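Me: I would like a close look at one helix pair in this structure, followed by its surroundings along the chain. Please give the account as one connected description.

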Amino acid sequence: MGLDGRALICDEVDPILQKILGDNGVRVSYEPEIKPDQILERIQDFEIVVVRSRTTITRQMIERASRCKIIARVGVGLDNIDQDAAREKGIRVINAVEGAMNAVAELVLGMMLSLARHTARADRAIRDGKWLKKELKGTELRGKYLGIVGLGNIGKRLGRLARALNMNIIGYDVVPIDEEFAKEVGLIKADLDTLLKSSDYVSLHVPLLDSTRHMIDAQKMSAMKNTAVLINASRGGVVDEDALYEALSSGTLGGAGLDVFEEEPAVGSRLAELDNVIMTPHIGAQTKEAQSLAANVTGEKIVQILRGVI
């Protein structure tokens, strides 16, 4: 039995999403380059609105969305959707954290390995005609302490990958930590300050909320080891980038890996001046596998909601 309704897909997504919706009778308008003013003009025609990170769904848009039942993010973060406005109108807001889980964890692990062995700097040096063999003595991840801030799906996946490399895992979260996972990886539970003081690597996996904005500021960084590495593949606003620049350039902090930034695109960031930083353009979920899985998960969730299953 098919479902009635129309879906507006505002960003580029894997074709499997359109197929799932179409096979279930949902009429899809796929417009990956649609502009905000165009969304405002047309959003009242759709029961479903789908975005990734390019499009922001504002309160003004939601107020005009008279038929909307679902706003879906084919990804993890929901900070580009006004959730309060959606809640007021009774609109379901969903995401697909399952899709990005492994891709983000692997990117973080790759950053840790690269910073430990200076591979990005070594590559740049060779391209510039320099042979820095003696200068680039690295360290191993084995035996080091990884502090994971936020132990949701991505944080847990990272913990499992790191444990396979014989790292020690320290965890902090504001919600109860999965006991089975804790036993599996030998997790050391700690408060945030203890985690920061004790870890050789710190990886952030928290949403951007008022309570998490600049949660890692100059004071927090000063509590970390001066050899420690900070990795952020969650949301840019959780790290104070001005404080991070000062910590890295002064030697207060050993290194950083950033996939997200306070302002994106981060072209021209002064952090690019520093050799002890790796920066990537918000590609945590940018794998073929993750995009296909996220689109599949999103499509199935939409269909189940429309059928009243969830």
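Reply: A crossing of two helices is called right-handed if the near helix is turned clockwise from the far one by less than a right angle, and left-handed if it is turned anticlockwise. The model considered here is a predicted one.

The pair in question is helix α1 (residues 15–23) with helix α12 (residues 288–306), which pack at an angle of about 20° with their axes 7 Å apart. Because this angle falls under 35 degrees, α1 counts as roughly parallel to α12. The crossing of α1 past α12 is right-handed. From α1, the residues Ile 16, Leu 17, Ile 20 and Leu 21 take part in the contact. Their partners in α12 are Ser 292, Ala 295, Asn 296, Thr 298, Gly 299, Glu 300, Ile 302 and Val 303. Sorted by class, this contact comprises seven nonpolar, four polar and one charged residues. A general point helps in reading such a list: residues three or four places apart in an α-helix point the same way, because the helix has 3.6 residues a turn.

Within α1, Leu 17 merits separate attention. Its relative accessibility is 0%, so Leu 17 counts as buried. Apart from neighbours within four places in sequence, Leu 17 is in contact with Ala 295, Thr 298 and Gly 299, and also with Ile 9, Val 50 and Val 74.

The chain between β12 and α12 forms a loop that contains His 282. This residue has a positive phi, near 55°, although His 282 is not a glycine. With a relative accessible area of 28%, His 282 is partly exposed. In the loop between β11 and β12 lies Pro 265. A cis peptide bond joins Pro 265 to Glu 264, with omega about 0°.

Both of these strands also serve as packing partners of α11, whose buried residues lie against β11 (255–258) and β12 (277–279), as well as α10 (218–223) and β10 (229–232). The buried residues of α11 (residues 241–250) are Glu 241, Ala 243, Leu 244, Tyr 245, Ala 247 and Leu 248. At the start of α11, a side-chain oxygen of Asp 240 comes within 3.1 Å of the backbone nitrogen of Asp 242. After α11 comes Gly 251, with a positive phi near 90°.

A further set of contacts involves α5 and α6. Ser 114, in helix α5 (residues 97–117), touches Ile 278 together with Thr 119 and Ala 120, when residues up to four places away are not counted. Ser 114 is buried because its relative accessible area, 12%, is under the 20% limit. His 118 occupies the loop between α5 and α6. Like His 282, this residue is not a glycine and has a positive phi, here about 60°. His 118 counts as partly exposed, at 26% relative accessibility.

Arg 121 belongs to helix α6 (residues 119–127). It is partly exposed, with a relative accessible area of 30%. Beyond its neighbours within four places, Arg 121 contacts Asp 275, Leu 132 and Leu 136. Leu 136 is 15 residues from Arg 121 along the chain, and their C-alpha atoms are separated by 8.6 Å.

Key
Residues numbered from 1 in each chain as written. Predicted model: local features only at pLDDT ≥ 70, side-chain atom pairs only at ≥ 80, totals over all residues. Heavy atoms only, no water. Helix = DSSP H or I, 4+ residues; strand = E, 2+ residues; numbered from the N terminus. Buried < 20%, exposed > 50% of the residue type's maximum accessible area, 1.4 Å probe, protein only. Contact = heavy atoms within 4.5 Å. Axes fitted to C-alpha atoms, helices over the stretch in contact; angles between N-to-C directions. Parallel < 35°, antiparallel > 145°, perpendicular 65-115°, else oblique. Nonpolar A, V, L, I, M, F, W, Y, C, P; charged D, E, K, R; others polar. Polar contact = N/O pair within 3.5 Å; in protein donor to acceptor, adjacent residues only side chain to side chain.
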